[in-house]
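Subject: Structure for you to look at

Hello,

Here is the structure I said I would pass on. Please open it first, then read the notes underneath.

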Amino acid sequence: MQKSTGFYLVLTLMLASLTAFAQTTAPTGEIYGGYQYTRLDTGAAQDALNLAALEAGVPPPDFGRHQNLNGWSFGVQENYNGWFGGVVDVSGGYHTNKNISVTTGNVTTTLRVRVHSYTFTGGPQFTMRRSSTFQPFARVLIGGGFFNASANVLVNNVQTIQEIKTDDNNFALGGGAGTDINFSRRLGMRVAVDYIRTAFYNDNQNNLRGAVSLVYRWGRTPNSRW
């Protein structure tokens, strides 16, 4: 609880500083897409998958309380003036974990666990545009998340049991900060780090996400010198 309070306090201070020093220079719209990495809290999902495995009569798959997911990030932003806009952000992350349990002669038995996580969020974004090259921003994100995990036993890479699955969807919120590094008036690169809090399986997860994206911009906001 104290970590969440501290995070939102820092975010509030960042938003206040950005709005205080921002200038009225901005494109009308921006679209971005690229790579994202998520450090996902999977403790509750581990418990749910263990329960599903026991019900299926197979050993619980221990894949860990945290997972490192690699995937994609995509978003669209509309700017209302030089410092304030709204963003819609969508992301997906994936991880496959293979643990070799038994190898006898030419027979290898492997436990395979697959984890997929998606978020669909949106909210206000505040950008400081004092420089035409580096433009830091902070944002608040609210929306939803979807999670699914599956486990299977492979013998020499051949499936031997019906795949065990668990999934959930729930509320997601968070926010973060980053900076745009502009190559020209229309093209740039966006680097962002977000804290995303989800509530899968009636529990709370604290996840950290980093993303690097290409940005394309168009138009000009009213009274903009961009």
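**What was found**

Of the contacts in the protein with a separation of 6 or more, 69% are between residues 24 or more positions apart. Please keep in mind that this is a predicted model.

Overall make-up

The protein has 226 residues, and 42% of them are buried. Its accessible surface is about 11,300 Å², with 60% of that belonging to carbon and sulfur atoms. The secondary structure consists of 2 helices and 9 strands. Along the sequence these follow the pattern α-β-α-β-β-β-β-β-β-β-β.

Strands S4, S5 and S7

Strand S4 covers residues 107-127 and strand S5 covers residues 134-155; the two pair in the antiparallel sense over 17 bridges. They form a hairpin, with 6 residues between them. To find your place in this pair, look for Val115, which stands opposite Ala149 in S5. S5 also pairs with strand S7, residues 164-182, again in the antiparallel sense, over 18 bridges. Here Asn148 has Asp167 in S7 as its bridge partner.

Strand S9 and its partners

Which strands pair with S9 in the antiparallel sense? One is strand S1, residues 29-41, which is joined to S9 over 11 bridges. Gly34 stands opposite Ser213 of S9. Another is strand S8, residues 187-198, which pairs with S9 over 12 bridges. In that pairing, Val191 stands opposite Val212 in S9.

S9 has two faces that can be told apart by cover. The covered face holds Gln205, Asn207, Arg209, Ala211, Ser213, Val215 and Arg217, while the uncovered face holds Asn206, Leu208, Gly210, Val212, Leu214, Tyr216 and Trp218. The general background is that side chains in a regular strand alternate between the two faces of the sheet. Of the residues already mentioned, Ser213 belongs to the covered face and Val212 to the uncovered one.

The loop between S8 and S9

S8 and S9 form a hairpin with 6 residues between the strands, and Tyr201 in this hairpin takes a positive phi near 55°. Tyr201 is not a glycine, and its place is in the loop between S8 and S9. Asn202 lies in that loop too. Its phi is near 55°, also a positive value in a residue other than glycine. For background, most residues other than glycine have a negative phi.

Is Asn202 buried or exposed? Asn202 has a relative accessible area of 79%, and the cut-off for exposed is over 50%, so Asn202 counts as exposed.

A nonpolar patch on the surface

A nonpolar patch of about 870 Å² lies on the surface, made by Trp72, Phe74, Val76, Tyr94, Phe183, Leu187, Leu214, Tyr216 and Trp218. Strand S2 (66-79) and strand S9 (205-218) each supply at least two of the patch residues. Leu214, Tyr216 and Trp218 of the patch are also listed on the uncovered face of S9.

Phe74 is in strand S2. Why is Phe74 described as partly exposed? Its relative accessible area is 38%, and partly exposed means between 20% and 50%, so Phe74 falls in that class.

If you want a place to start, try S9: it pairs with S1, pairs with S8 and supplies residues to the nonpolar patch.

Regards

Methods:
Residues numbered from 1 in each chain as written. Predicted model: local features only at pLDDT ≥ 70, side-chain atom pairs only at ≥ 80, totals over all residues. Heavy atoms only, no water. Pairing = 2+ DSSP bridges. Helix = DSSP H or I, 4+ residues; strand = E, 2+ residues; numbered from the N terminus. Patch = residues over 30% accessible without salt bridge, like charges linked within 9 Å, V, L, I, M, F, W, Y side chains within 5 Å. Areas by Shrake-Rupley, 256 points an atom, 1.4 Å probe, with all protein chains shown as cover. Salt bridge = Lys/Arg side-chain N within 4 Å of Asp/Glu carboxyl O. Buried < 20%, exposed > 50% of the residue type's maximum accessible area, 1.4 Å probe, protein only. Contact = heavy atoms within 4.5 Å.
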